Amino acid sequence: MNRRDDEVPVAPEAAQSWDIGPIVRELRAQRERWRTARQRRLTAGGREFPARAAIGRILADLCGALFPMRLGPDDLQRESEDYYVGHTLDRALRALLGQVCLELGVASAEAVHHVRRFAEALPGIRALLDADVEAAFAGDPAARSVDEVLLCYPGVLAIIHHRLAHQLHGQGLALLARIVAEIAHAQTGIDIHPGARIGRSFFIDHGTGVVIGETAVIGDHVRLYQAVTLGARSFQTAIDGSLEKGLARHPVVEDDVVIYAGATILGRITIGRGSVIGGNVWLTHSVPPGSHVTQASTRQEQVNH
């Protein structure tokens, strides 16, 4: 039997259960309208953008390669640790190359260069993460060991992903970086834009609801608690009304700052070194080094103004 050009092939069992054919045609028509409106030209072949599922598998391999005896396979033996790291890292980097090619839109020497550069950054990322894990252990009296911190703390998982995402972001692979960040966001409830610059020995305690914006700058030995927001106060617009992209609009948090649960810090302001920001504080102005800001002090400041 000949099939008409507008007919959609549907599995027989589906055709018997549901009236799938018209729905598939309508979905195809809607895709074509969307693509036409955005002047998307499709070429034959597979997908044209990085795949979130593939990146999730790459991240699992990278975590195992970075921390083989903690985040690697449960049957890994110490004597085969290097072999496992080499094999797993090779698999992750080969898969990453495919995703970089999708982001760049072409398989090229540039893609290979990106992956090689990313790989060369991994020892330095591991050193940063060691300092983050130590900071989490030192900063939480409930932590019994650094192993517990690495295996159990959502803030540590989020910063592992962020260190990897930030490297990709710095190489101009913005979509890959954002997917890595959003995988961590989904798993932990911690939303860190890959563009945020975060110093050594960073610790997020508990973590759920933390938001760190794209242009935030965080110094060394900073500790945040759950539901802290380092956000933008306003968004500048261009002449045509569109949002200006990439402007510095998030806070600068200097070294040795502690920000307690629920604090909201907005705009390109500076939290001076060694300051403590109390819980549920709403802050839109800079504070000098050594400040102690509480809800009571901000209310008093509002009265004085």
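Start with A92. Leaving out residues up to four places away in sequence, A92 touches I58, D61 and L62. A92 sits in helix α5. With a relative accessibility of 2%, A92 counts as buried. Its C-alpha lies 9.2 Å from that of I55, and 37 residues separate A92 and I55 in sequence. Keep in mind that this is a predicted model.

Now the helix around A92. Helix α5 covers residues 81-104. Which residues of α5 are buried? They are E81, Y84, T88, A92, L93, L96, Q99, V100 and C101. The cover over these buried residues includes α3, α4, α6 and α9. In sequence, α4 is 68-71. The length of α5 checks out. It has 24 residues, so at 1.5 Å a residue it should span 34 Å, and its end C-alpha atoms are indeed 34 Å apart. Just past the helix comes G105, with a positive phi of about 85°.

One partner of α5 deserves a closer look: α9. Helix α9 runs over residues 174-188. The axes of α5 and α9 are 9 Å apart, and the angle is about 125°. The two helices are therefore oblique to each other. An angle over 145° would have counted as roughly antiparallel, and 65 to 115 as roughly perpendicular. Which residues make the contact? From α5 we have L96, Q99, V100 and E103; from α9, A174, L175 and L176. By type, this contact divides into five nonpolar residues, one polar and one charged. L96, Q99 and V100 also appear on the buried list of α5.

Stay with α9. Its buried residues are L176, A177, I179, V180, A181, I183, A184 and T188. What do they pack against? Against α3, α5, α8 and β1. Here α3 is 52-66, α8 is 154-170 and β1 is 191-192. The length of α9 agrees too. Its 15 residues should span 21 Å at 1.5 Å a residue, and the end C-alpha atoms are 21 Å apart. After α9 comes G189, whose phi is positive, near 75°.

Zoom out to the core. The largest nonpolar core contains 66 residues. Those with the most contacts inside this core are I212, I259 and I277. At least two residues each come from α3, α5, α6, α7, α8, α9 and β3. The largest share, ten residues, comes from α6. Helix α6 is 109-139.

Take I212 from that list. Its neighbours within four places in sequence are set aside here. I212 is then in contact with D191, I192, H193, A196, F202, I218, L224 and L230.

Next, a glycine. Where is G272? In the loop between β11 and β12, that is, between 270-271 and 276-277. Buried or exposed? G272 is buried, because its relative accessible area is 1%, and the cut-off for buried is under 20%. G272 touches E254, V257, V287, P288, P289 and G290, not counting residues up to four places away in sequence. V252 is 20 residues from G272 along the chain, and their C-alpha atoms are separated by 8.5 Å.

Last, the whole protein. The secondary structure comes to ten helices and 14 strands. The protein has 305 residues, and 40% of them count as buried. Among contacts with a separation of 6 or more, 42% join residues 24 or more positions apart.

How values were computed:
Residues are numbered from 1 along each chain as its sequence is written. This is a predicted model: local features need pLDDT of at least 70, side-chain atom pairs count only at pLDDT 80 or more; totals for chains, interfaces and linings use all residues. Side-chain values use heavy atoms; hydrogens and water are left out. Axes are lines fitted to C-alpha atoms, for helices over the stretch in contact, and angles run from 0 to 180 degrees between N-to-C directions. Helices (H or I, at least four residues) and strands (E, at least two) are DSSP runs, numbered from the N terminus. Angles under 35 degrees count as roughly parallel, over 145 as roughly antiparallel, 65 to 115 as roughly perpendicular and the rest as oblique. Contact means heavy atoms within 4.5 Å. Ala, Val, Leu, Ile, Met, Phe, Trp, Tyr, Cys and Pro count as nonpolar, Asp, Glu, Lys and Arg as charged, and the others, Gly among them, as polar. The expected span of a helix is 1.5 Å times one less than its number of residues. Buried means under 20% relative accessible area, exposed over 50%, partly exposed in between (1.4 Å probe, protein chains only). A nonpolar core is a set of buried Ala, Val, Leu, Ile, Met, Phe, Trp, Tyr and Cys residues joined through side-chain atoms within 4.5 Å.
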